[in-house]
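This report is addressed to a reader who is new to the structure. Please view the sequence and the model before reading on.

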Protein chains: 2
Amino acid sequence: MPPPRTRNRRATINDVATAAGLSRGTVSRVVNGERYVSDEARIAVEEAIASVGYVRNSAARNLVTQESRAIALIIHEPHSLLFEDPNIGSILLGANEVLSRADYQLVSLIIDSDRDSRRVADYLRGGLVDGAVIVSARASDPIASAVRDIGVPAAFVGHPPGTPDLPYVAIDNSAAARSITERLVATGRRRIGMIASAMDRDSGHDRFAGFREAMGSRFDPSLVVEYPLYTYAAGLQGMQELLRRCPEIDGVFAASDAVAAGAMTALQESGRKVPDDVGIVGFDDSSWALRTRPQLSTVRQPADLLGSTAAELVLAQIRGLPSAVQVLDTAVVWRDSA
Amino acid sequence: MPPPRTRNRRATINDVATAAGLSRGTVSRVVNGERYVSDEARIAVEEAIASVGYVRNSAARNLVTQESRAIALIIHEPHSLLFEDPNIGSILLGANEVLSRADYQLVSLIIDSDRDSRRVADYLRGGLVDGAVIVSARASDPIASAVRDIGVPAAFVGHPPGTPDLPYVAIDNSAAARSITERLVATGRRRIGMIASAMDRDSGHDRFAGFREAMGSRFDPSLVVEYPLYTYAAGLQGMQELLRRCPEIDGVFAASDAVAAGAMTALQESGRKVPDDVGIVGFDDSSWALRTRPQLSTVRQPADLLGSTAAELVLAQIRGLPSAVQVLDTAVVWRDSA
DNA sequence: TTGTAAGCGTTATCAA
DNA sequence: TTGATAACGCTTACAA
């Protein structure tokens with residue numbers, strides 16, 4: 001029998017108490033699975049709950065317990081890029097996994113306008129969540145400082161410049177970029193360029209820095225193009241531009257796998273063979289890397305771990321435990337594109 | 001000057017009232033921007049708010065107003081597919097746009113396990129949101145019936161079989177599939193197959209049905225392969241299988257653009273030219289369609305409109321307005337892959 | 001225009 | 001083991 005659809009008024013704990021012939025306190029204890037409830041009381045309450053169709057009002061509960069058992073995940077991603085980047089899905093799933101296990105509800109809030117930004121800040125401020133993990137913040141992101149001011153336990157995925165000193169989890173983009181660039185150099189390429197992206201994010205900025213370091217005196221600024229987003233389109237255009245500037249180019253570091261995939265298309269359209277004529281490497285080891293022909297040499301980044309670790313960082317703060325910055329390992333995975 | 005970080009106790013409306021030398025009621029009126037507040041009172045309250053660092057407690061407010069001004073967007077997507085499908089990002093953004101304009105906070109809840117499913121149901125039941133839009137429900141999805149039982153205003157994107165009779169917004173997958181298949185037939189192909197996917201969703205099921213209808217007596221079941229998810233990998237494997245079964249195949253309808261992209265790779269690896277040797281069409285007109293070479297002929301589906309319309313459906317119910325099922329238009333966009 | 005006071009539906013303390 | 005009762009922080013008649 002479906003619960004009586006009292007669309008007029010929802011049953012309260014009082015209604016249950018009356019129906020069961022017991023007090024509110026006892027009903028509350030049953031609902032929360034506490035000890036010190038006799039079997040007969042428990043049964044009576046359970047029957048009453050079923051008969052009046054009671055469900056607990058979370059607002060009232062949160063008000064008295066002063067917690068919500070929910071954690072926000074704030075996604076501030078440029079419109080066009082949202083979910084084109086497979087990393088963010090993995091981060092989300094990773095965070096959800098650890099929060100779910102700890103019996104917290106993950107609520108994702110997306111910021112797509114200044115208006116959203118304000119509303120999300122209000123949402124956090126209102127005490128509707130006990131903590132927040134922030135992904136894809138850009139340099140000097142207003143939501144980042146808002147979170148700090150609000151004082152809610154929080155952690156970043158990545159650590160953009162200009163970000164308040166909150167705990168974060170990241171990878172060493174610079175070191176990873178250096179490694180893969182060095183590997184590319186070692187294949188004997190002479191003219192190596194880079195398609196840089198998202199320089200206003202720590203990831204984009206640091207990948208470029210790593211490339212530059214690895215190139216040392218061979219670094220040639222005219223062989224670097226820069227685009228705002230990690231997209232296939234950026235790779236396509238970037239490679240075309242590089243080819244225009246220097247037809248003899250024989251190596252390319254693309255700032256992400258999606259960018260590398262676009263670049264590879266441009267290379268093939270220009271009649272060049274990968275890796276024979278030009279070697280190309282990406283970054284992320286996302287699903288893109290296995291889609292290209294040949295498959296991409298790239299840097300593996302543990303996106304799900306990024307998400308789960310960030311979630312753990314905020315959980316630790318909630319529990320009053322110390323939470324330190326975490327830098328996760330990456331690995332170069334060498335396939336056939338270089 | 002940053003607000004005093006009273007980590008000990010948050011200021012309440014009472015503290016503001018005391019500081020301003022006014023009553024709680026007046027403070028509340030100022031906070032909510034109501035009329036009938038003298039300028040001097042308003043100013044005094046605003047100063048007091050700043051000095052004590054007051055922010056309103058949403059749980060308390062929601063408790064008395066009996067609303068949350070938040071709408072849930074429930075994503076029940078198989079782990080691996082989450083956000084590989086660009087449609088879902090567009091749906092999310094579309095919904096966020098209309099809700100944001102109406103000053104509602106969109107909170108996305110993802111379901112990735114049975115445990116999640118129960119927790120999300122509790123979240124909805126608890127009154128933490130005023131409505132819900134459900135995307136990517138599968139046939140007989142438990143969360144779908146939970147939502148119906150809970151009685152919260154809701155709308156589906158799509159209308160899987162076995163779904164309770166709640167308002168939904170969808171496209172006519174079957175008619176669209178028929179159109180593009182007919183167009184493919186008209187190019188003179190003789191042996192046309194299909195790579196079907198997600199048959200447990202209305203979209204997957206109906207696209208296949210449309211294909212079958214359009215093929216009429218030419219329909220050949222041995223030229224159909226079926227995979228659970230709309231993925232690149234499904235397209236890759238599906239096309240290989242089709243080629244094995246029938247090397248002379250000269251036309252393919254892939255159930256989504258991602259699938260088509262995978263199929264195109266398989267075709268090219270087998271040495272076949274698209275569209276000369278085999279014509280291929282997809283579905284969605286997502287970013288995938290412009291990435292393949294040649295670019296994909298496909299069905300344009302207004303993913304953002306799907307999201308915004310679903311949000312409007314929910315809003316209408318909250319406002320007590322009638323809300324009817326909506327079927328959105330699609331269009332065949334013909335490029336070079338067939 | 002402002003103040004008073006009664007809830008909103010829980011949980012939690014303290015007696016019984 | 002159970003029952004009163006006092007919060008939790010806010011909104012909202014109703015009075016003044």
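The sections below treat the basis of the model, the DNA contacts and the aromatic rings.

## Basis of the model

The model is predicted: local features need pLDDT of at least 70, side-chain atom pairs count only at pLDDT 80 or more, and totals for chains, interfaces and linings use all residues. Residues are numbered from 1 along each chain as its sequence is written, chains are lettered from A and ligands numbered from 1 in the order in which they are written, and side-chain values use heavy atoms, with hydrogens and water left out.

## Annotated domain

An unreviewed UniProt entry lists residues 11-65 of chain A as "domain: HTH lacI-type"; UniProt positions are given in the numbering used here, feature names are shortened, and annotations may be inferred rather than shown by experiment. This span is 69% helix and 0% strand, and its end C-alpha atoms lie 21 Å apart. Helices (H or I, at least four residues) and strands (E, at least two) are DSSP runs, numbered from the N terminus.

## Surface near DNA strand D

There are 27 residues around DNA strand D, of which Arg29(A), Tyr36(A), Ser38(A), Ile13(B) and Tyr54(B) come nearest. A residue counts as near a strand if one of its heavy atoms lies within 4 Å of it. By class, this surface has 11 nonpolar, 10 polar and six charged residues; Ala, Val, Leu, Ile, Met, Phe, Trp, Tyr, Cys and Pro count as nonpolar, Asp, Glu, Lys and Arg as charged, and the others, Gly among them, as polar. Of the strand D atoms within 4 Å of the protein, 65% belong to sugar or phosphate and the rest to bases.

Polar contacts (pairs of N or O atoms within 3.5 Å) reach both kinds of site. A polar side-chain atom of Arg29(A) lies 2.8 Å from a base oxygen of DNA strand D, while a polar side-chain atom of Arg61(B) lies 2.8 Å from a phosphate oxygen of that strand. The elements that give two or more residues to this surface are α2 (24-31) and α4 (58-65) of chain A together with α2 (24-31) and α4 (58-65) of chain B.

## Surface near DNA strand C

DNA strand C is surrounded by 28 residues, and the closest are Ile13(A), Ser28(A), Tyr54(A), Arg29(B) and Ser38(B). Sugar and phosphate account for 62% of the strand C atoms that come within 4 Å of the protein.

Phosphate oxygens of DNA strand C lie 2.9 Å from a polar side-chain atom of Arg61(A), 2.9 Å from a polar backbone atom of Ser23(B) and 2.9 Å from an N or O atom in the side chain of Thr26(B).

## Aromatic pairs

Nine aromatic pairs are found over all chains. Rings of Phe, Tyr and Trp (its six-membered ring) pair if their centres lie within 6.5 Å; planes under 30 degrees apart count as stacked, over 60 as edge-to-face and the rest as tilted. The rings of Phe208(A) and Phe219(A) have centres 6.1 Å apart and planes at 65°, so this pair is edge-to-face. Phe208(A) belongs to helix α9 (residues 202-215) and Phe219(A) to the loop between α9 and β7 (224-227), 11 residues apart. Phe208(A) is buried at 15% relative accessible area, as is Phe219(A) at 16%; buried means under 20%, exposed over 50% and partly exposed in between (1.4 Å probe, protein chains only).

Tyr232(A) and Trp288(A) form a stacked pair, 5.9 Å centre to centre with 25° between the planes.

Notes. Polar contact = N/O pair within 3.5 Å; in protein donor to acceptor, adjacent residues only side chain to side chain.
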